[in-house]
Amino acid sequence: MSQNFPPALGWAEMKSQPTRLGGMSEVYLIELREGGEKHRPRGHARAALFRPVLLLSLLLTLPLSGTSQRPSGAEGSSRPNIVFILIDDLRWDELGVVGHPYIKTPNIDRIGKEGALFRNAFMTTPLCSPSRASFLTGQYAHTNGIIDNVDRSVASHQLVTFPLLLHQSGYQTAFVGKWHMGNDDTPRPGFDRWVSFKGQGTYLNPEFNEDGISVKASGYVTDILSSYVVEFIKRRHDKPFLIYLAHKAIHPEVMQHGDGSVNLADAELFIPAERHRNLYAGKTIPHRPNYKRAPEGKPALQRRIGDLPPLGAATGTRDESILGRQRSLMAIEEGVGNILKALEETHQLDNTILVLASDNGYFYGEHGLSVERRLAYEESIRMPLLVRYHKLIKPGTVRNEFALNIDLAPTLLELAGVGVPNKMQGRSLVTLLNGARPAWRNSFLIEYYSDKVFPRMAQMGYKAVRTERWKYIHYLELEGMDELYDIKTDPYEMKNLIHQPGAEKALAEMKLEMERLLKETNNE
């Protein structure tokens, strides 16, 4: 059953106080592969230190020893702590706070309800590795050099990231989760604490690089990552801290190779926590009007490529895959609840900036698409963006201005009192967060560099410009296949106006705007 899901869902009704989901007790087996025990989570019951196996019992629902004491600097600090939560592939319209009809995310919603919700937040490159680099550097992909999902491990060690700058200014920093700029899991510069995995990682019984030590865990990856964050929060801190939590979820369970390719057979394999595997059974999934509609006026998508079937009803995302993604989100939701609880118990919540975002969107059958992401359509380029900071943001703040993933680095540096490098191309959101009405951008650049992961995306690299009304997509390798949409009258991008009489003026203006943005971002 199709439902008319608007392009930007409205603010959810706030008639009741947010509730919290209960925590879970999980047991993990940690195998020490190199060296000994180092920075083992305090909240785990310890067994004797016999190698190679150390049994740790993680009790998320019980307070850790000493949690009634306030960590050093918990009050009176002039520099805020920062907890940045990045979710993989989460669409902008799949949270309770934006009005989803059945997904309930009270803990995630709390960040927006007690802070700010950006209704028009976008990625500058809607693809995993480039988007992650843009969050960290405040730069477009063409500037930071992470342009695709190819193994760019060496380059990612050389990035000047906002965590590195915070670390140099006195912050204690931790990275927990999916780095995914190459398959190298070794610690990157600027982090005092490092917990990561190779490439895409795995949902069950993951192997981590923990501060240079290889450890094998038993359990569900989302729960384990959240537990590392809670443990770090509950340590005693003599400095302000940054925690950058990058979840594997809700990405499919695929293995990525050095050339960026993945095992396509598993491209729609989602593994929720066992406790959530039957969640939402029988629910009617909302679909947009362009759901499973064969593309019209989109020659780049209508090309005949090998033996691929034409896009349409048969190629769109299966409902079971959508449910698998939504079920996978629930462990993140519960983890956010545990993080908020840890911040409250240690009296640090109101001196902590919380950010929640996604690296790119996902197609739910729109235009007959499914796993492709990458493209400049709304379903792929939009992201959720919630920010809470009690000392600055009025609860219930809603902003409609364009916010970009490259804006988060300068925003957090400004709030931490650290100078923003001139090479950062994003713009600080602080004036929007404090309720001001500054002159703001009315357009932005989107870019994608052709890769070979999905055959249907062959030679579809593009530069695109989005304004409040128009979107122009220029394919760099496909002659005569550009697209122009009037977002105001055609929010689902179903009618390409590129050759339509009467659209000549708009097209000319969008081409000029693209030239301006390319010049402004040193990408001429």
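**Notebook: confidence, helices 1, 2 and 8, Arg327, Pro101**

I began with the weak spots: pLDDT stays under 50 over residues 72-76, and the model gives this stretch 10 contacts beyond four places in sequence. This is a predicted model, so I looked up confidence before anything else. The protein averages a pLDDT of 87, and 85% of the residues score at least 70. Residues 1-70 have a pLDDT below 50, and beyond near neighbours in sequence they make 180 contacts in the model.

**Helix 2**

Next I took helix 2, residues 128-137. How many of its residues are buried? I found 10 of 10, so I noted the helix as mostly covered. The buried residues include Cys128, Arg132, Phe135 and Leu136. I then asked what covers them. The cover includes strand 4 (81-87), strand 10 (241-246) and strand 11 (352-358). Helix 3 (141-144), helix 5 (162-168) and helix 10 (408-415) also take part. Just after helix 2 comes Gly138, and I noted its positive phi, near 70°.

**Helix 1 against helix 8**

I turned to the pair formed by helix 1 (106-113) and helix 8 (319-345). Two packed helices are described by the angle between their axes and the distance between the axes. Here the axes come within 7 Å and cross at roughly 55°. That makes helix 1 oblique to helix 8. From helix 1, I listed Pro106, Asn107, Ile108, Arg110 and Ile111. They meet Leu329, Ile332, Glu333, Val336, Gly337, Leu340 and Glu344 of helix 8. I sorted the residues of this contact into 7 nonpolar, 2 polar and 3 charged.

**Arg327**

I stayed on helix 8 for Arg327. Is Arg327 buried or exposed? Its relative accessibility is 7%, under the 20% cut-off, so I counted Arg327 as buried. I then checked what its side chain reaches. The side chain of Arg327 makes a polar contact with the side chain of Glu320 at 3.1 Å. The Arg327 side chain also reaches the backbone oxygen of Arg277, at 3.5 Å. Leaving aside neighbours within four places in sequence, I found Arg327 in contact with Pro272, His276, Arg277, Asn278, Leu279, Tyr280, Ala281 and Glu320.

**Pro101**

My last entry is Pro101, in the loop between strand 4 and helix 1. Its relative accessible area is 41%, so I recorded Pro101 as partly exposed. I also looked at Pro286, 185 residues away from Pro101 along the chain. The C-alpha atoms of Pro101 and Pro286 are separated by 7.8 Å.

Methods: Residues are numbered from 1 along each chain as its sequence is written. This is a predicted model: local features need pLDDT of at least 70, side-chain atom pairs count only at pLDDT 80 or more; totals for chains, interfaces and linings use all residues. Side-chain values use heavy atoms; hydrogens and water are left out. Buried means under 20% relative accessible area, exposed over 50%, partly exposed in between (1.4 Å probe, protein chains only). Helices (H or I, at least four residues) and strands (E, at least two) are DSSP runs, numbered from the N terminus. Contact means heavy atoms within 4.5 Å. A polar contact is a pair of N or O atoms within 3.5 Å; within protein, one must be able to donate a hydrogen and the other to accept it, and residues adjacent in sequence count only if both atoms are side-chain atoms. pLDDT is the predictor's confidence in each residue, from 0 to 100. Axes are lines fitted to C-alpha atoms, for helices over the stretch in contact, and angles run from 0 to 180 degrees between N-to-C directions. Angles under 35 degrees count as roughly parallel, over 145 as roughly antiparallel, 65 to 115 as roughly perpendicular and the rest as oblique. Ala, Val, Leu, Ile, Met, Phe, Trp, Tyr, Cys and Pro count as nonpolar, Asp, Glu, Lys and Arg as charged, and the others, Gly among them, as polar.
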